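Let's walk through a structure together, one question at a time. Take a look at it first, and then we can reason our way through the details.

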Protein chains: 2
Amino acid sequence: MADSSAMSPTGKRARPALPPWPASGAPRQAAATADRLLESAHALLYERAGSDVPVAEICAHAAANVAMVKYCFGNKDGLFDALLERIVSVLVADVERLDRQDLPPDEKLARHLRAVVRNYVRFPYLNRLLNQRLLSGHDEAVERLSRSFALPMRRWYASVLAEGQEAGTFREVDPTFFFFSVLGAAEYMFSARRWMERAFEEQIDEELLERFTGHLTQLVLTGIQPGTSTASAP
Amino acid sequence: MADSSAMSPTGKRARPALPPWPASGAPRQAAATADRLLESAHALLYERAGSDVPVAEICAHAAANVAMVKYCFGNKDGLFDALLERIVSVLVADVERLDRQDLPPDEKLARHLRAVVRNYVRFPYLNRLLNQRLLSGHDEAVERLSRSFALPMRRWYASVLAEGQEAGTFREVDPTFFFFSVLGAAEYMFSARRWMERAFEEQIDEELLERFTGHLTQLVLTGIQPGTSTASAP
């Protein structure tokens with residue numbers, strides 16, 4: 001990722017090589033098509049960085065018959081749900097790996113924030129797809145994403161925040177609010193990236209991502225330091 | 001807003017009375033239908049809290065002929081653009097009014113953050129509509145929203161941050177990153193509100209909004225205090 005031109009997830013310039021797709025181990029013969037469909041959905045959503053992709057294009061890209069979507073996933077929503085499940089399982093595994101390391105809580109959070117920013121580069125369509133599924137009214141999809149992503153993430157934030165509070169590094173912070181405000185602070189630059197380009201005339205390249213990670217880390221880690229409550233906070 | 005049951009922008013329970021729609025002064029006779037269409041779009045989007053609303057329903061609600069959408073706004077996108085313009089002009093006017101008050105910069109920011117949270121309650125569909133227009137590929141819509149919202153907001157953040165830095169209240173903060181991280185930290189709880197309800201089993205009511213405003217204010221105002229840089233920030 002040293003080449004800054006390869007980092008622009010803006011869809012405006014020639015696309016860089018696609019970041020590696022997280023494999024699901026050695027798929028059985030029957031699951032190979034499903035895996036190819038997921039990989040194609042990822043590739044095309046990455047390319048479009050947020051716009052919708054017709055199921056026919058995904059099938060053409062995967063060299064799969066359209067009927068295979070129905071066979072493997074029920075329908076397009078099912079395919080996108082499976083894609084989301086794959087991605088969030090990667091994110092949660094990252095957090096679990098980080099948690100097993102012997103690091104102070106502020107260092108754990110700093111590394112996590114860096115990874116969150118990087119994941120919006122790896123999966124620039126993640127938030128749009130997530131919000132689409134959350135707003136879809138399909139309770140089952142919401143439940144599944146709650147179990148596989150929201151609950152484990154909030155649980156991890158709660159444990160890191162408690163650890164830091166015990167160590168005297170952090171003040172008391174509500175882990176639910178922390179979940180929303182930290183992920184929101186990280187994602188909005190990506191979901192509103194057109195403003196970055198058109199209003200502020202900046203490109204989301206390697207240099208900008210480094211500066212943004214620094215900004216986010218300092219805002220959050222300073223923001224939860226103990227004994228610095230402000231007069232204005234209720 | 002003392003009644004907490006009236007605050008749930010979740011679409012799950014009986015809807016409270018619609019918050020007042022910002023009027024555009026005394027419309028000319030010819031503009032009355034346009035205004036009614038905008039008000040109906042607002043009412044129906046508020047009711048659905050994020051889901052799409054067909055143009056036929058907006059017209060039925062406004063007791064307007066479908067042809068009036070074409071006459072007044074060109075098409076549905078034009079209607080939604082006009083709705084967005086109306087809302088962001090209210091938000092920017094709020095900031096300008098706040099700016100004219102003789103308040104220290106941290107107090108200005110604290111009041112602004114409170115208003116941002118309240119605006120996601122008044123306009124629960126705002127972010128979905130904004131992001132939809134930003135991702136639509138219509139450069140003209142992006143340009144207009146840049147001029148009417150992103151640029152004035154960033155300019156105001158830059159001026160308040162500079163004022164606070166001069167007064168020694170704030171450290172140096174990038175106003176562009178501040179724009180994205182602060183608005184993102186405020187909005188994500190609303191755009192992912194299904195997680196609040198289904199995963200974390202909380203309702204977005206008056207009491208929760210007060211706690212969230214406190215959390216956000218403390219995170220941001222502490223986060224930009226000077227002389228508290230952390231070892232982990234690059």
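**A guided tour in questions**

Q: In which helix of chain B does B:Glu57 lie?
A: This is a predicted model, so every answer here rests on computed coordinates. Within chain B, the element that holds B:Glu57 is helix H2.

Q: Is B:Glu57 buried, partly exposed or exposed?
A: Buried would need a relative accessible area under 20%, and exposed one over 50%. B:Glu57 has 33% relative accessibility, so this residue counts as partly exposed.

Q: Which residues does B:Glu57 contact, leaving aside its neighbours within four places in sequence?
A: A useful pointer is B:Ala41, which is 16 residues from B:Glu57 along the chain, with 8.7 Å between their C-alpha atoms. With neighbours within four places set aside, the contacts of B:Glu57 are B:Leu44 and B:Arg48.

Q: How far apart are the C-alpha atoms of B:Ala34 and B:Cys72?
A: B:Ala34 sits in helix H1 of chain B, which spans residues 32–48, and counts as buried at 15% relative accessibility. Beyond its neighbours within four places in sequence, B:Ala34 is in contact with B:Cys72 and B:Phe73. B:Ala34 and B:Cys72 are 38 residues apart along the chain, yet their C-alpha atoms are separated by 5.9 Å.

Q: Why is B:Cys72 not bonded to the closest cysteine sulfur, in B:Cys59?
A: B:Cys59 is buried, with a relative accessible area of 2%, while B:Cys72 is partly exposed at 26%. A disulfide needs the two sulfur atoms within 2.5 Å. The sulfur of B:Cys59 is the closest cysteine sulfur to that of B:Cys72, but it is too far for a bond, at 9.4 Å.

Q: How many disulfides does the structure hold over all chains?
A: B:Cys59 takes part in no disulfide, and its nearest cysteine sulfur belongs to B:Cys72. Counted over all chains, the number of disulfides is zero.

Q: Where in chain A is A:Ala63, a residue with positive phi?
A: A:Ala63 is not a glycine, yet its phi is positive, near 50°. The residue counts as exposed at 66% relative accessibility. Its place is the loop between helix H2 (55–62) and helix H3 (67–73) of chain A.

Q: What is the phi of B:Ala63?
A: In chain B, B:Ala63 is found in the loop between helix H2 (55–62) and helix H3 (67–73). B:Ala63 counts as exposed, with 66% relative accessibility. Although this residue is not a glycine, its phi is positive, at about 50°.

Q: How many helices does chain A have?
A: Reading along the sequence of chain A gives the pattern α-α-α-α-α-α-α-α-α-α. Strands number zero, and the count of helices is 10.

Q: What share of the residues in chain A is buried?
A: Chain A exposes about 9600 Å², of which carbon and sulfur atoms supply 51%. Of its 234 residues, the buried share is 56%.

Q: What kind of axis relates the two copies?
A: Chain A can be laid on chain B with an RMSD of 0.0 Å, using a turn of 180° and a shift of 0.0 Å along the axis. The copies are thus related as by a two-fold rotation axis.

Q: Which residue of chain A comes closest to the rotation axis?
A: The C-alpha distance to the axis is what decides this, and the closest approach in chain A is 1.8 Å. The residue at that distance is A:Gly223.

Q: How much area do chain A and chain B bury between them?
A: Each side brings residues to the contact, 67 from chain A and 67 from chain B. In chain A, A:Phe177, A:Phe180 and A:Trp195 lose the most area to chain B, together 14% of what that side buries. Carbon and sulfur atoms account for 65% of the area buried between the chains, which is about 6100 Å².

Q: Which residues touch the most other members of the largest nonpolar core?
A: In soluble globular proteins, nonpolar side chains tend to be buried together. Beyond its neighbours within four places in sequence, A:Trp195 is in contact with residues including A:Tyr188, A:Phe200, B:Leu130, B:Phe149 and B:Phe180. The largest nonpolar core has 148 residues, and those touching the most other members are A:Trp195 and B:Trp195.

How values were computed:
Residues are numbered from 1 along each chain as its sequence is written. Chains are lettered from A and ligands numbered from 1 in the order in which they are written. This is a predicted model: local features need pLDDT of at least 70, side-chain atom pairs count only at pLDDT 80 or more; totals for chains, interfaces and linings use all residues. Side-chain values use heavy atoms; hydrogens and water are left out. Copies are superposed by least squares on the C-alpha atoms of residues with pLDDT of at least 70 in both. Helices (H or I, at least four residues) and strands (E, at least two) are DSSP runs, numbered from the N terminus. Buried means under 20% relative accessible area, exposed over 50%, partly exposed in between (1.4 Å probe, protein chains only). Accessible areas come from the Shrake-Rupley method with a 1.4 Å probe; for residues, only the protein chains shown count as cover. A nonpolar core is a set of buried Ala, Val, Leu, Ile, Met, Phe, Trp, Tyr and Cys residues joined through side-chain atoms within 4.5 Å. Contact means heavy atoms within 4.5 Å. Buried area is the accessible area (1.4 Å probe) that two parts lose on being put together, summed over both.
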